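Colleague: I'm new to this one. Could you show it to me and explain the words you use as we go?

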Amino acid sequence: MLPLIDTSADPGQQESSVTWSGMAQPYLDRYGSTRDPADLRTAVQLLSAALDGAPEESPERPLILLQFTEALLSLYEDTGDEEALTVCLDTARAETRLNRTVNGSMAWTALSVALLVRFGRKRDPEGFEEAVRAAWRAVEAASDGAGRAHTSGGLGNALYGTFSRTGDERALSEALSFLREALMQTPPGAPEHPARLHALGQALLGWHNRTGDPAALAEAVRAAGEAATLIPGDHAHRGDVLAGLAAALQERFRHAGDQEDLLEAVRLRRSILAGLPSTDPRHPAAAAHISTALWLLHQHTGDSAALTEAIAYARTAVESMPENHQVQAGWMSNLAAMLRARFLNGGAREDLDQAVRLLRAAISLLEPGHPERAAQLSNLANALRSRHELTSDPSALAEAVEAAHTAVEATPGDHPAWPARLGNLGAILRTRFERGAGALDDLDKTIGLLRMAVAALPHKHPGRAAQLANLGNALRLRHDHAPDSQAAVEGRMTLWAAAEPPDAPPLIRMRAAWAYADAARRDGDFVEAIKGFELAVELLPRIAPPSLSRDDREHRLGRLAGLGSEAAAAALDAGRPGLGLELLEQARGILLGEVLTARGELEKLAEREPTLHAEFQRLRDALSAPEADADTRLSDGMRLEETIARIRALPGFSRFLLPPTLDDLRPDPDDGPVIVVNVAGHRSDALVLGAEPGDTLHVIPLPSLTPDGVATHVNNFHREVWSSQSQVAQTLAWLWDTAVGPVLENLGVTATPANDGPWPRVWWCPVGLLARLPLHAAGHHQDGGDSALDRVVSSYTPTVQALAASRRRARRELPHPAGRYGRALVVAMPNTPGAPPLPYAHQEAEAVAQMMPQATLLADGEASRATVLSELGQHSIAHFACHGVTDWQDPSENRLVLADGDLSVRDLLHHRLDGMRLVMLSACSSGEASEGLPDEAVHLASSFLAAGAAHVVGTLWAVEDQVAARTATTLYTHLTAAGTLPPRTGLTAIALHVATRRLREQYPGRPGLWAPFMHIGV
């Protein structure tokens, strides 16, 4: 029972109602901070006495009634005290029967709000209808327009709160009616006008989220935008109004895809949070909101920095809220989704485990029937599916199926989230089928669920492409397990329907197009296969655009490795080798190609349009800055796309930064052939590109070269390169038998040239993992049999367009500045802090320097990072004898170790080395491609090539110190005629060939020692 206040004291000394009310206020204030029910109960006692003591006609009575009923409802909601709710309802009903009250509207308002609170807990339909009737009575009882507006607005907000707690669409519909009435009764210039626009905008956004009504979203954006424009800059609730606009813009972005909406939403969220000290009670909500905006930015762009920042803000929000608070449930769910996304993008298992814990905790905070509970269950199901895929834990999969089923059953069929939850359940059932834990019936159920999901989505819905892609893949899987021509055809058609819409997310389109192309190829429909691959390759630049950080671009491209190889193979199936090579070039070396291709075109642009050139350079440099945040990068990326479009509109620049055509790639007549060795799932071939435009691209099938064989030999070779020379020799023999030998035989190169005759030159362009093996050293060396070293001088190129660009640059290069030609920078680090000594490095450096009198020698402490970078531009030759470090997780951090720091790939990205003729990297693995990024050739050797070097000598694996010194000495002896001539860098490939053959003579049984060096360049 609620205790009563003793009011039986002498009337002359009895406290007035105002005094009782004033005495209650400190308890209410303290309760707001401590949430201690004892404070609230004391306030209720005092307010009860105040109401009892207030005459019916007292002007203070309505306000006391409001305080009393609000305190009772807070007590009920926080403690579940049923009597508090009963007293509240009885008091409000009694108040509506008074005749002389100065504000009858207040009593009806109190009754309506109390009934809505009860409805939120008990879902009694009669109570809801009574609440709405009481609300309209409150509006009718209001004394004037301002009163009607105030009452309508308050009740509209209460109804919207009821909808938020219950998901009851009737409450939202009634809320809109009351909020429209409030706005209609508020003159445009009134101080309350912005707040009423904001409230209506929030409710309209809720209506759109519940029904998918696009008109409601458009009206919500207009109302929120007008409110943000009208509200004064110093208004206490300006942050709330701006947050409402941000929410509306985020939702419009989800449906229309206008990046400006997303950028403005992030900017608004940042400004709101920046204006709040961390101690402000609104700070947790602001942190939660900026996290959702950044999370949306990550989902749209793949920017990992946005995801990291979103997780940090989401943690702040969750950790700042009291435990077991229902608001915390939604924030916990958001944080869990972000952590799972990070796990899927290469994060730690702890991310996934924490996501599961957060979702279970969030669900425990929500009563059955809560409108958000189905969303949390669906999210939990996805996290558990990921856990099962990681651990094969059957209990995780079983719990995932149960949670996903419950989520679907708890979601109305007309709810906007229903299709996504159907899709989630379908994905989990498909996983159960693929993992062998379910029968074919699971796959059939998956197809049925996905059909329902697709049917429920409008054609332009942003989520439709993903559901179509999943349905198409499921149908093809069904056909693979139980041949069904109808399922096969429908699967292909559905995949194309997912790939074709231009407004669908690029990554989903690309994967659907790739799946479509693969399905068409397996069906023998080569024309359609090419159509699919052309679209998939065309979309690649949109998946890893310059607006992403270098790390993110590498990560995304690494996950799509092999696309170019499969596209080229499909074009060969169709008898179109030229198209095959063009597709292969478009899909590989994207990061390298941007630098190489742009350099020559930018020089012409600078002459023609210096302003556009400066804008392009400014934006490209801004996007390369590591400190740029995700939204700034997205904005600069949009500007860069606009700038590129303006450049392409200029006469003569229509193909600015576009991939080269086949004729653009052809070598000059004086150059040797380029041999592209492509390895795909169903066929492997060498594509030989000759010099004449009329020459057809020569295709040499390599049926014994398979992806599995390449992977096995790459793993064995690099594992045993130092410990088992027989394994190394076996791999070199296999390379000859399956790839190099058949190619050279087909080209008519069948014997060692005569002693005084010229050696034929070839440029190898191995694709994928094959680039990690030494094609130049292929052969049967143990028994003196055939080998590449005895037939050709081999060079490499990461891509054909990289070689073409380097050749064009070499042809147009200006004469060297006075005194620079022949000058060599020699860097030696025989003693490196924290690394083993290189005892032959100093000997190597001195020998090289002695053959080039104009050499600058920097050894040990002299070889600082700043000094080396500065000196590089002053020399035409650079020689490094130092440690090289390969970073398998971040290839752009592959580096040379100097005296006080490193010189990395990242340092060379936009470094100009115009006039650099030769760079020799006498360091470990300086030309080794990353296993995780096989199509991009991100290593030190390719980076020096991109920076401007005409010739680069690097290594494919770790090199022995003494062998490196002997290789360098032999090479420079050949280039300089033992120091008697200026270095003839055009002979670099031949000089390295001579050095390698000589080393083979010295170490005949140890190819791991003599074979690591390779030449890249013209």
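Modeller: Sure, let's start with a term: buried means under 20% relative accessible area, exposed means over 50%, and partly exposed lies in between (1.4 Å probe, protein chains only). Keep in mind that this is a predicted model, where local features need pLDDT of at least 70 and side-chain atom pairs count only at pLDDT 80 or more, while totals for chains, interfaces and linings use all residues. Residues are numbered from 1 along each chain as its sequence is written, and side-chain values use heavy atoms, with hydrogens and water left out.

Colleague: Why is D303 called buried?

Modeller: D303 has a relative accessible area of 1%, and the limit is under 20%, so D303 is buried.

Colleague: What makes D303 and R633 a salt bridge?

Modeller: The term asks for a side-chain nitrogen of Lys or Arg within 4 Å of a carboxyl oxygen of Asp or Glu. Here the closest N and O atoms are 2.5 Å apart, so the pair of D303 and R633 qualifies. R633 counts as buried too, at 3% relative accessibility.

Colleague: Which parts does that pair tie together?

Modeller: D303 sits in the loop between α13 (283–301) and α14 (304–320), and R633 in helix α30 (residues 630–648), so the parts tied together are 330 residues apart in sequence. As for the names, helices (H or I, at least four residues) and strands (E, at least two) are DSSP runs, numbered from the N terminus.

Colleague: How do you know that E169 and R210 form a salt bridge?

Modeller: Their closest N and O atoms are 3.4 Å apart, and the limit is within 4 Å, so the pair counts. The pair links distant parts of the chain: E169 is in helix α8 (residues 169–184) and R210 in helix α9 (residues 193–211), 41 residues apart.

Colleague: Are E169 and R210 buried or partly exposed?

Modeller: One of each. E169 has a relative accessible area of 28%, so E169 is partly exposed; R210 has 9%, so R210 counts as buried.

Colleague: And why are R618 and E615 called partly exposed?

Modeller: R618 comes to 43% relative accessibility and E615 to 25%, and partly exposed lies between the 20% and 50% limits, so both get that label. Their side chains meet in a salt bridge (3.0 Å, N to O). Both lie in helix α29 (residues 610–624), 3 residues apart, about one turn of the helix. Elsewhere, salt bridges that share partners join R476, R492, D523 and D525 into one network.

Colleague: How many salt bridges does the structure hold?

Modeller: It holds 57.

Colleague: What makes strand β14 mostly covered?

Modeller: In β14 (residues 1013–1017), 5 of its 5 residues are buried. Both faces are covered: F1013, H1015 and G1017 are on one side, with M1014 and I1016 on the other.

Colleague: How do you know that β13 and β14 pair?

Modeller: Two strands pair if DSSP finds at least two bridges between them. Strand β13 (residues 951–955) is joined to β14 by 5 bridges, so the two strands pair. They run antiparallel, and H951 stands opposite G1017 in β14.

Colleague: What about the whole chain?

Modeller: There are 41 helices and 14 strands. Of the 1018 residues, 55% count as buried. Along its principal axes, the C-alpha trace spans about 130 × 65 × 55 Å.
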